[in-house]
Amino acid sequence: KKLDLEFMYELITRMIEAHLLLSRGYKYVSYHDIREDHTIVQILKSLEHVAFKLDTMFQEPRVYLAWNEMRWKWYDLGFYIEFFVGEMIKIINPPKD
């Protein structure tokens, strides 16, 4: 099969975005002393799990995922990134009563 370079570019871009959000997210959580069972922390843990699963393809020893699994992890990254951003917006800009 031929490598889908457009998809790989999108995958790597999304992985970089996920790693940046993980770094900033965990800094925010620790700075504000947010408890472990908070939604934000749970989203970060899920995002971290997916990102690190995909990282195995780019680090030694390499573990390549099947195409369909890689595609699902790509969708998962997008979901958790959007979920995280949405929840952070609620925290930073709480609705006014």
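**Figure 1. Burial of E87 in the predicted model.** At 16% relative accessibility, E87 falls in the buried class, because that class comprises residues under 20% relative accessible area. The structure shown is a predicted model. E87 belongs to helix α3. Leaving aside residues up to four places away in sequence, the contacts of E87 are with T39, I40 and I43.

**Figure 2. The salt bridge between K90 and E87.** The side chains of these two residues are joined by a salt bridge with an N to O distance of 3.0 Å. K90 and E87 lie three residues apart in helix α3, so about one helical turn separates them. An α-helix has 3.6 residues a turn, and residues three or four places apart therefore point the same way. The partners fall in opposite classes of accessibility: K90 counts as exposed, at 51% relative accessibility, whereas E87 counts as buried, at 16%.

**Figure 3. Helix α3 and its buried residues.** Helix α3 spans residues 67–92. Its 26 residues cover 37 Å from the first C-alpha to the last, close to the 38 Å expected at 1.5 Å a residue. Buried in α3 are M70, K73, W74, L77, G78, I81, F84, E87 and M88. The cover over these buried residues includes α1 and α2.

**Figure 4. Salt bridges of R35 and E36.** Five salt bridges are found in a search of the whole structure; two of them are shown in this view. Side chains of opposite charge can pair when their charged atoms come close. R35 and D37 meet through their side chains in one salt bridge, at 2.8 Å from N to O. R35 is exposed, with a relative accessible area of 52%, and D37 is likewise classed as exposed, at 55% relative accessibility. A further salt bridge links K45 to E36, whose closest N and O atoms are 2.1 Å apart. K45 is partly exposed at 35% relative accessibility, and E36 is partly exposed at 49%.

**Figure 5. Helix α1 and the ends of its run.** Helix α1 comprises residues 5–31. With 27 residues, α1 reaches 39 Å between its first and last C-alpha atoms, close to the 39 Å expected at 1.5 Å a residue. The N-terminal end of α1 is capped by D4, which has a side-chain oxygen 3.3 Å from the backbone nitrogen of E6. Following α1 is D33, with a positive phi near 50 degrees.

**Figure 6. Packing of the buried residues of α1.** Buried residues in α1 are F7, M8, L11, M15, A18, L21, L22, G25 and V29. The buried residues of this helix pack against α2, which covers residues 39–55, and against α3. Correspondingly, α1 is among the elements that cover the buried residues of α3.

**Figure 7. A nonpolar patch on the surface.** I12, I16, L20 and F58 make up a nonpolar surface patch, and together they present about 350 Å² of accessible area. One of these residues, L20, lies in helix α1. L20 is classed as partly exposed, because its relative accessibility is 47%.

Terms used: Residues are numbered from 1 along each chain as its sequence is written. This is a predicted model: local features need pLDDT of at least 70, side-chain atom pairs count only at pLDDT 80 or more; totals for chains, interfaces and linings use all residues. Side-chain values use heavy atoms; hydrogens and water are left out. Patches are made of residues with over 30% relative accessible area and no salt bridge: like charges are joined within 9 Å, nonpolar side chains (Val, Leu, Ile, Met, Phe, Trp, Tyr) within 5 Å. Accessible areas come from the Shrake-Rupley method with a 1.4 Å probe; for residues, only the protein chains shown count as cover. A salt bridge is a side-chain nitrogen of Lys or Arg within 4 Å of a carboxyl oxygen of Asp or Glu. Helices (H or I, at least four residues) and strands (E, at least two) are DSSP runs, numbered from the N terminus. Buried means under 20% relative accessible area, exposed over 50%, partly exposed in between (1.4 Å probe, protein chains only). The expected span of a helix is 1.5 Å times one less than its number of residues. Contact means heavy atoms within 4.5 Å. A polar contact is a pair of N or O atoms within 3.5 Å; within protein, one must be able to donate a hydrogen and the other to accept it, and residues adjacent in sequence count only if both atoms are side-chain atoms.
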